[in-house]
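User: I'd like to walk through this model and get a feel for how it is put together. Can you take my questions as they come?

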Amino acid sequence: MSMAIPTYMTLDQNLETRKAVLKIPDRKERKQREMWGTTRAYLQNHVLGVSEGHNAILRLVGVGFRASVESTATTVKPEYPGQQYVSLKVGYSHPIELGLPRGVKASTPQPTRILLEGTDKEVVNQFAAEIRMWRKPEPYKGKGIFVNGETIRLKAKKIK
């Protein structure tokens, strides 16, 4: 995994304390200060991803909502050899098949839970958002696909 940092920043590593320090030349310039914090957060996410990994847990709430991980798909073609697919049954007349991006592993500990794991936080959460888009949580019955412990407040029924 690699990451490009802006040219005006320097990354100093101290091998004794095993820490990296990100420096900018001018702390008074607003753009440099903004990118300083953003770049530091991206670097921290990369380091955490390589050492521990990132994950996203999706809950499928609804009658008949199911998910499974499959090695073949009938509706989509593989983007790379050995690609796996997440198959969703979420109330449509056909199953939804989504190919896993590179570097992301999926498992289904229960038919209504999907566990996504990977080293790149951005890719893992983006794929979780793509799955969620098929059935966003709705506020009247509380059905849908929830990501990472997401909750919604239920609305009252409309009374005439």
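Analyst: A term to start with: buried means under 20% relative accessible area, exposed means over 50%, and partly exposed is in between, with a 1.4 Å probe and protein chains only. This is a predicted model, where local features need pLDDT of at least 70 and side-chain atom pairs count only at pLDDT 80 or more, while totals for chains, interfaces and linings use all residues. Residues are numbered from 1 along each chain as its sequence is written, and side-chain values use heavy atoms, with hydrogens and water left out.

User: Is Lys28 buried or exposed?

Analyst: Lys28 sits in the loop between β2 and α1; helices (H or I, at least four residues) and strands (E, at least two) are DSSP runs, numbered from the N terminus. Its relative accessible area comes to 76%, so Lys28 is exposed.

User: Which residues of α1 are buried, and where do they lie around the axis?

Analyst: Helix α1 covers residues 30-51 and reaches 32 Å from its first C-alpha to its last, close to the 32 Å expected (1.5 Å times one less than its number of residues). Its buried residues are Gln32, Thr39, His46 and Gly49. Down the axis they fall within an arc of 115° (taken from the directions from the helix axis to the C-beta atoms), so they line one face of the helix.

User: What is on the face of α1 turned away from its buried side?

Analyst: On the buried side, the cover includes β2 (19-23) and β3. The face turned away carries two exposed residues, Arg30 and Ser51.

User: Which element gives the largest share of the largest nonpolar core?

Analyst: That core, a set of buried Ala, Val, Leu, Ile, Met, Phe, Trp, Tyr and Cys residues joined through side-chain atoms within 4.5 Å, has 22 residues, and Leu88, Ile114, Leu116 and Ile131 have the most contacts inside it. Elements giving two or more residues include β3 (54-61), β5 (85-89), β8 (113-118) and α2 (121-132). The largest share, 4 residues, comes from α2.

User: Which strands do the buried residues of α2 pack against?

Analyst: In α2, Val124, Phe127, Ala128 and Ile131 are buried. They cover an arc of only 100° around the axis, which puts them on the same side of α2. In general, an α-helix has 3.6 residues a turn, so residues three or four places apart point the same way. By contact, meaning heavy atoms within 4.5 Å, they pack against β3, β5, β6, β7, β8 and β9.

User: Which residues of α2 does Leu116 touch?

Analyst: Leave out residues up to four places away in sequence, and Leu116 touches His54, Leu58, Leu100 and Val104, among others. Its contacts also include Val124, Phe127, Ala128 and Ile131.

User: Which strands stand at the edges of the open sheet?

Analyst: The sheet has 3 strands in the order β4-β5-β6, with antiparallel pairing (two strands pair if DSSP finds at least two bridges between them). Each edge strand has a single partner, so one side is left without a neighbour in the sheet; these strands are β4 (66-70) and β6.

User: Which residue stands opposite Leu88 in β5?

Analyst: β4 and β5 pair in the antiparallel sense over 5 bridges. The residue opposite Leu88 is Ala67.

User: Which residue takes a positive phi in the hairpin of β1 and β2?

Analyst: Strand β1 (residues 10-14) and β2 pair in the antiparallel sense over 5 bridges, with Thr10 opposite Lys23. The hairpin has 4 residues between the strands, and the positive phi, near 55°, belongs to Arg18.
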